[in-house]
Amino acid sequence: MKKILAGAFAAAFMMTGSAFALDSSYEATSKAGTHQFYVWCTGAADSQTTADGANMEEAMASVQASVAGTCKPVWQGLVN
């Protein structure tokens, strides 16, 4: 029984660990660093990418310049 509980706890911890990989707070939009974006595309596969910038807007402009015209980056958070 203890092994099952330990395994369940470990699995729950691993699943929530990825949630802490990004800072998606409002304050993070104005911080410098590596920002993560989900890129939604019409007529092409969606993707996920990162870009460095002084803030979210600068990083998003960099991503937008590198993707096709039918794609739109959506900010996910600041990579910790």
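**A disulfide and a one-sided helix in a predicted model**

At 16% relative accessibility, Cys 41 counts as buried, because the cut-off for burial is under 20%. Cys 71, at 7% relative accessibility, counts as buried too. These two residues form a disulfide in this predicted model. Their sulfur atoms lie 2.1 Å apart. The angle about the S-S bond is 110°, and the link of Cys 41 and Cys 71 is right-handed. The bond joins distant parts of the chain. Cys 41 belongs to strand S2, residues 33-41. Cys 71 belongs to strand S4, residues 71-79. In sequence, the two cysteines are 30 residues apart. The count for the model is one disulfide.

The overall fold was then examined. The chain has two helices and four strands. Along the sequence they follow the pattern α-β-β-β-α-β. Contacts across the sequence were also counted. Among contacts with a separation of 6 or more, 55% are between residues 24 or more positions apart. Of the 80 residues in the chain, 21% are buried. The accessible surface of the chain comes to about 5500 Å². Carbon and sulfur atoms account for 64% of that surface.

Helix H2 spans residues 56-66. Its buried residues are Met 56, Ala 59 and Val 63. They lie on the same side of H2, because they cover an arc of only 70° around the axis. An α-helix has 3.6 residues a turn, so residues three or four places apart point the same way. The cover over the buried residues of H2 includes three strands: S2, S3 (47-53) and S4. Two of these strands, S2 and S4, also hold the cysteines of the disulfide. At the start of H2, Asn 55 makes a polar contact with Glu 57. A side-chain oxygen of Asn 55 reaches to within 3.1 Å of the backbone nitrogen of Glu 57.

Confidence in the model was considered last. The mean pLDDT of the chain is 83. A value of 70 or more is reached by 75% of the residues. Over residues 4-17, however, the pLDDT is below 50. Beyond near neighbours in sequence, this stretch has zero contacts in the model. Where pLDDT is low, the predicted coordinates should not be read in detail.

Key. Residues numbered from 1 in each chain as written. Heavy atoms only, no water. Buried < 20%, exposed > 50% of the residue type's maximum accessible area, 1.4 Å probe, protein only. Contact = heavy atoms within 4.5 Å. Areas by Shrake-Rupley, 256 points an atom, 1.4 Å probe, with all protein chains shown as cover. pLDDT = per-residue confidence, 0-100. Disulfide = S-S within 2.5 Å. Arc of directions from axis to C-beta. Polar contact = N/O pair within 3.5 Å; in protein donor to acceptor, adjacent residues only side chain to side chain.
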